[in-house]
Amino acid sequence: MAGKRGGLSVGSSLALTLGSAALWGLAHLWVGRRVTGALLMGIYVTLVAAIVATLFKTKPELLSLAVQPSWLWTFALGALLFAAVTVAVVIRSYQLVRPETLTGPARYLSALAVGLLCALVIAPMVYAARLAFVSQHVVTSVFTANTAPIPVDPWRGRDRVNILLIGADAAPSRPGVRTDSMTVASVDTGTGDTVLFSLPRNLEHVPMPAGPPRDRFPYGFGGEPPYTPGLLNEVFQYAEDYPDMVPGTPKGQRGPTLLKKTISDITGLDITHYAMVDMSGFAQIIDAMGGVKVTVKEPIVYGRQNEGLIRAGTRKLSGEEALWFGRARTYSDDYVRMGRQKCLMNAVAKQADPVTVLRSFEKLADVALRAVSTDIPQGLLPNLIDLSDKVKKSKIKSFQFVPPLINTGDPDYRLIKHKVSTILAKSSADSSAPSGRAKHARKDPAQEAVNLDLACN
């Protein structure tokens, strides 16, 4: 061993040390410590092979683990342990191959080089551990704790799962929150085929669920006249302001609870969960992504004083521009705006690729903590991840109940419920029918009138 060390230059010893960081045991084998070197090398190759195989073969399972706090803790601690062992191997490798005659400044410079190498080894592992800790904090803060055990197959006996997606707008000029965007995502648990049902914010005379809400508003929601017009987008805040509307429900949950029940009755769907994003937070999410590319069909004037203009064409919008793209009503109306909102949601979903998310992960996590609320339990997240993989491979359809099909001032709520039932039945039939038959199936003109093309690119 001494002979080999004596024959090595400083550069060669540092190269062997670097090689030992990339493949444990290399320096040990060089100096003749075959058993230790082979053991270290075997452990390292096994670990790396297992990691690579896992990354390439079980992506859905990995995503499921990434939303489970216990596994996130395990990953973080594992990353830190791997870094610590690698640093120990690097230092010991340098001690084994360092020239015996090395003295003076060269000794200190080579030690400094090894220290820098250790820092380079530690940095990515520490960053990976930090991402795991951040993810764990987001999961435990945004999603609710499990109030009951989650079955292995929570979709058993359920053809569809329905989640209410809410875009909330809290303006400084008015108290409370207005749910200006309300969409029910109805997902086929078997195929992942998804239908989005959008309800206008200005639906009037909204029928209320049985119990205290219907007792107070037997002829439909009336709000607080003359201060409010009594629209669907006021139900959320009204429940928060009047606890007796949802007895026994704590503050912060009264609004979503009543809104879920109300929209369940309107659509005839069993809405089990909701997810709400504050509109200003949505803009911050887009900024964290580096903007979102959409095709603007016509120029859009935006700003409270009409001080901005989004020109027509395909362009990348900032968070503020995207926010106004989805909310502006100048020279248009609520229904045109609803269409733009769906286009924007689709564009964000398409462009939020893993590289973009990883690059901006901490910013996105920070925004999520401040702008996202939901009642989805943590234990259901792995199952939703599995379901979302099916959704990505299926076609998403969207329908909005707007004029001329629905008169928002005097809505035909029976028609809405009937249309939802008909659309879902047709969607299920299309999913189960051979592709040729599905293509030539007869289409309902009234249904086609509310079909939205989600593509904005």
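This section describes aromatic contacts, an internal cavity, annotated segments and local backbone features of a predicted model.

Aromatic ring contacts are considered at the outset. A pair of aromatic rings is described by the distance of the centres and the angle of the planes. In the model, ten aromatic pairs were identified. Among them, Trp-73 and Phe-133 adopt an edge-to-face arrangement, with a centre-to-centre distance of 4.9 Å and an angle of 70 degrees between the planes. Trp-73 belongs to helix α6 (residues 69–97) and Phe-133 to helix α7 (residues 104–142), so this pair ties together parts of the chain that are 60 residues apart in sequence. Both partners retain some solvent accessibility: Trp-73 is partly exposed at 39% relative accessibility, and Phe-133 is partly exposed at 28%. The pair formed by Tyr-238 and Tyr-242 is stacked, because the ring centres are 4.3 Å apart and the planes meet at 25 degrees, an angle under the 30 degrees that bounds stacked pairs. Tyr-238 is buried, with a relative accessibility of 8%, whereas Tyr-242 is partly exposed at 26%. These two tyrosines also take part in a cluster in which ring pairs link Phe-217, Phe-221, Tyr-238 and Tyr-242. A contact between a charged side chain and a ring was found as well: Arg-340 lies over the face of Phe-325, 5.8 Å from the ring centre.

The search for enclosed space returned one cavity of 30 Å³ or more, and the volume of the largest cavity is about 30 Å³. Its lining consists of Asp-180, Pro-200, Arg-201, Asp-334, Arg-337, Met-338 and Gln-341. Helix α13 (residues 334–351) makes the greatest contribution to this lining, supplying four residues. By residue class, the lining comprises four charged, two nonpolar and one polar residue.

Annotated segments were then examined. The unreviewed UniProt entry places the feature "transmembrane region" at residues 12–31, 38–56, 71–94 and 106–127. For residues 12–31, the model shows 80% helix and 0% strand, and the end C-alpha atoms lie 13 Å apart. Residues 71–94, by comparison, are 100% helix and 0% strand, with the end C-alpha atoms separated by 34 Å. Within helix α2 (residues 10–22) is Ala-15, which is partly exposed at 47% relative accessibility. The C-alpha atoms of Ala-15 and Tyr-94 are separated by 9.6 Å, although these residues are 79 positions apart along the chain.

Helix α11 (residues 279–289) is mostly covered, with eight of its eleven residues buried. The buried set consists of Met-279, Gly-281, Phe-282, Ala-283, Ile-285, Ile-286, Ala-288 and Met-289. Just after α11, Gly-290 takes a positive phi of about 90 degrees. Further along the chain, Glu-298 is located in the loop between β5 (292–296) and β6 (300–302). Glu-298 is exposed, at 59% relative accessibility. A distance of 4.9 Å separates the C-alpha atoms of Glu-298 and Ala-312, which are 14 residues apart along the chain.

Two further backbone features concern the sign of phi and the geometry of a peptide bond. Most residues other than glycine have a negative phi, and most peptide bonds are trans. His-205 is not a glycine, yet its phi is positive, at about 55 degrees. This histidine, His-205, is situated in the loop between β3 (194–199) and α8 (212–216) and is partly exposed, with a relative accessibility of 43%. The peptide bond joining Pro-403 and Pro-404 is cis, with omega at about 5 degrees. Pro-404 is placed in the loop between β10 (396–400) and α17 (413–432).

Terms used
Residues numbered from 1 in each chain as written. Heavy atoms only, no water. Phe/Tyr/Trp six-rings, centres within 6.5 Å; stacked < 30°, edge-to-face > 60°. Helix = DSSP H or I, 4+ residues; strand = E, 2+ residues; numbered from the N terminus. Buried < 20%, exposed > 50% of the residue type's maximum accessible area, 1.4 Å probe, protein only. Lys NZ or Arg CZ within 6 Å of the ring centre and 35° of its normal. 1 Å grid on protein atoms, 1.4 Å probe; cavity = no way out; pocket = protein on both sides within 12 Å on 5 of 7 lines; lining within 4 Å. Points joined across faces, edges and corners; volume = space filled by probe spheres on them. Nonpolar A, V, L, I, M, F, W, Y, C, P; charged D, E, K, R; others polar. UniProt positions renumbered as here; feature names shortened; annotations may be inferred.
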